[in-house]
Structures are given as structure tokens and as C-alpha cells.
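User: I am in my first year and would like to understand how the words used for a protein model are justified. Could you take me through the reasoning step by step?

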Amino acid sequence: MGAKQMNGDRRPTLEAVAALAGVGRGTVSRVINGSPKVSEKARDAVHRAIQELGYVPNRAARALVTRRTDTVALVVSESELRVFDEPYFAGTIRGIGSALSETGLQLILAMAQSEQEHERLEHYLTGQHVDGVLLISLHGADPLPGRLEEMGVPTVIGGRPIGLDPYSYVDVDNRAGARQAVKYLLGKGRRRIATIAGPQDMGVGVDRLAGYRDALLATGIPEMVAYGDFSEESGMIAMRALLEGNPDVDAVFTASDPMALGAMRVLREAGRSIPGDVAVIGFDDSPAAAHSSPTLTSVHQPTEAMGRQMAHLLVARINGEQLEQPVVILDTHLVERDSA
């Protein structure tokens, strides 16, 4: 009876799954760990074998051998208000979550703005509590990515950082997107084109301002620049400043949709028609852009795809794979609506 019970209690092994699926043990391991370097056919065969055998990975035992926690941290250097209010973060986090859901890795979200918060977070992240870290919305030459890499914690950054040379990051072609938006305004006959730029301690802010300047460079049209922090309130403040200094402005390119919506509110308050008196273009192609009044012309950035790419790169790094393309830049395109 004892032998029979032992046999009945025996769990299906990784080898049994591999044999039933007709693949090697390493392939089964890669599928379980969410590695992208497995063919769809092999992945399906492994999943079928797992289901048929009732195989359950013994994560506790695996953690003792591999020192893996099966947890990934997403660190956002912004306030909770910004993270849950602005469309960029929602799309990126959705993409990260959907990619990680296929791997069995758990995602924890951490927000840190102050130096003290960063220090506490660094201590936690380097204490073998997570297998890897995703970082978005970095400001300036933030030392956290470098310290994580030094401590052997695989790291992938969302957005090209300023003053850093990270091994792996994912971004969109912000400069080209901004350039396309301003050229569109020029094509519509606008000649007093202002911009509300993002923070200049972030790659995204620098690149979108550079794209605006690229488009104006050959025209001889003077620059009109105000700065915001991507929030709607900052867009309102910047638009008021632009109107005060340049009352004849006939177009404004803003580095985010929330800033564009703030600018449109100020323009309406000032009695300016949109796009009759002033054309407005945003950057995000957020859900709010399609429902504003008038609807907002905006540069589309694939935030969910960006999040998915970040997660795939991180999983590959966690699994010790060599990245063929550690830096990924995704394309943007202009979505025409009524505001321009």
C-alpha cells in the first residue's frame, strides 16, 4: 500500500513533459520561464503536455536552486496621481502586464520620487527580492539603473534616459513624431507655430523639442517655446504664457495630450477658435484625444507595444539570453482629427 501510495503521489516531472511534447528538457524550461526563443509549435506542444499530465512547476524548489523569485518590479519615478491619471502610463503598464501574464512572473509596482524613496527602493531591489526591474519615466542621470546592473539585477528602461548609457531600453521615435506634427502644421499654412515642450531632464522632452526645431529650421520661422511637465495643468500655464508673449500664435504643438487639452481650454477661455484661430496637435493619441471638443489631432505612440517589448527583453535577460536587439525604437504616426 505504501509503495502504491508513493507512486500515486509522484508528481509529473519536467522530463515527462518533454517526452510527451517531443521536445528537449531545455525547451520545456524555456516555455515555463516565458522565454520568447521558442517556436509557436513547440510552445503549444509543451502547453498541451503540461495540461495532460497536470504538471505544476515546483517554484519553491526551483527558487532554492536558481535563486529566482518569479517577481519583476516596475519602478516609476512619478507621483501616484500622475501614474494613474496620464494615458502613457496606463498603456505601458497594460502592455507589460499582458506580456508577463504569459510567463507566470508576478509584477509589483513601485513609485519613487524623492532621493530617500529611491535609496529605500534600491536597497529592496538589490536584496534578491526580484528577478529583474523595469524602469519608466526616469529624470536626469538617475543612478538607480547603473546600480542595479552593478548588483547583477537585469534592468530594462522605458524611454531613452538623459545622461545615461543603458544596456537595454525601449522607446518610440519621439523626434520623428514631433517633426511630422510640425511639418503638418506648416503644410496647413501655419506660420506662427509654438510648442509646449516636456521636461528637459527626460529624453522624451528633449527629443520632441528637437523634432519641433528640426521642422522649423529650414523655414526661418522663429521658435516659440514654453515648458510643461506633461500634465494638463502645466499645459494651461504654458499656453497662457505663450498667448501673453505671442498673441498672434496660430498653432501649437504640445509634447503630450494632457498638455494639449490644457492648452485648448485656455485658448477657448481666450476666445480663440480651434482650429480656425489656433491649430493644436498633441502627442500620445490617448482615448481622451478622440473625445475632446474639438477632437484632438495627435501623434500616436504604441504604448502597449512598448510595454510588451520591455517585458520580453527583461524576461530574456533574466533567462540569461543574449539580446540581439537590446535597444528597440518603435515608430509613431500622426492621427488627424479636428483640432488641426
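User: Why is Y88 called buried?

Analyst: The structure is a predicted model, and the values discussed here are computed from it. Y88 has a relative accessibility of 18%, and the word buried is used for anything under 20%, so Y88 counts as buried.

User: What makes Y88 and F89 an aromatic pair, and why is the pair called edge-to-face?

Analyst: The ring centres of Y88 and F89 are 5.3 Å apart, and rings pair if their centres lie within 6.5 Å, so the two rings form an aromatic pair. The angle between their planes is 75°, and planes over 60 degrees apart count as edge-to-face, which is therefore the name for this arrangement. The structure holds 2 aromatic pairs, and this is one of them.

User: Why does F89 count as buried?

Analyst: F89 has a relative accessibility of 3%, which is under the limit of 20%, and therefore F89 counts as buried.

User: How do you know that the charged end of R208 sits over the ring of F283?

Analyst: The charged end of R208 is 3.6 Å from the centre of the F283 ring, and the distance required is within 6 Å. The definition also asks that the charge lie within 35 degrees of the ring normal; the angle itself is not quoted here, but R208 is listed as sitting over the ring of F283.

User: How much confidence does the predictor place in the chain, and where is pLDDT under 50?

Analyst: The average pLDDT of the chain is 89, and 94% of the residues score at least 70. Residues 1-9, however, stay under 50, and the model gives them 0 contacts beyond four places in sequence.

User: Which strands form the open sheet, and why are β2 and β11 said to stand at its edges?

Analyst: The chain has 15 helices and 12 strands, and 6 strands form an open sheet with parallel pairing, in the order β2-β1-β3-β4-β5-β11. β2 (106-111) and β11 (327-330) each have a single partner strand, so one side of each is left without a neighbour in the sheet, and this is what puts them at the edges. On average, neighbouring strands of this sheet are turned by 20° against each other, direction ignored.

User: What makes β3 and β4 a pair?

Analyst: Two strands pair if at least two bridges are found between them, and β3 (residues 132-136) is joined to β4 (residues 155-158) by 4 bridges, so the two strands qualify as a pair, and they run parallel. As an example of a bridge, L134 has V156 in β4 as its partner.

User: Which strands pair with β8, and which way do its side chains point?

Analyst: Strand β6 (residues 193-197) pairs with β8 in the parallel sense over 4 bridges, and I196 stands opposite T254 in β8. Strand β9 (residues 279-284) also pairs with β8 in the parallel sense, over 3 bridges, and here V252 stands opposite V280 in β9. Within β8 (residues 251-254), A251 and F253 point one way while V252 and T254 point the other way, and all are buried. In a regular strand the side chains alternate between the two faces of the sheet.

User: Why is E52 called exposed, whereas R308 is called partly exposed?

Analyst: E52, which lies in helix α4 (residues 40-53), has a relative accessibility of 63%, and because exposed means over 50%, E52 counts as exposed. R308 is found in helix α15 and has a relative accessibility of 33%; that value falls between the limits of 20% and 50%, so R308 counts as partly exposed. R308 touches G95, I96, S98 and A99, not counting residues up to four places away in sequence.

User: What makes T303 buried, and which residues is it in contact with?

Analyst: T303 is found in helix α15 (residues 303-318), and its relative accessible area of 14% is under 20%, so T303 is buried. Leaving aside neighbours within four places in sequence, T303 is in contact with Y88, G91 and T92.

User: Why is V130 called buried, and how far is it from T71?

Analyst: V130 lies in the loop between α8 (115-125) and β3, and its relative accessibility of 8% is under 20%, so V130 counts as buried. V130 and T71 are 59 residues apart along the chain, yet their C-alpha atoms are separated by 5.0 Å. Beyond neighbours within four places in sequence, the contacts of V130 include T69, T71 and I108.

Note on methods. Residues are numbered from 1 along each chain as its sequence is written. This is a predicted model: local features need pLDDT of at least 70, side-chain atom pairs count only at pLDDT 80 or more; totals for chains, interfaces and linings use all residues. Side-chain values use heavy atoms; hydrogens and water are left out. Rings of Phe, Tyr and Trp (its six-membered ring) pair if their centres lie within 6.5 Å; planes under 30 degrees apart count as stacked, over 60 as edge-to-face and the rest as tilted. Buried means under 20% relative accessible area, exposed over 50%, partly exposed in between (1.4 Å probe, protein chains only). pLDDT is the predictor's confidence in each residue, from 0 to 100. Contact means heavy atoms within 4.5 Å. Axes are lines fitted to C-alpha atoms, for helices over the stretch in contact, and angles run from 0 to 180 degrees between N-to-C directions.
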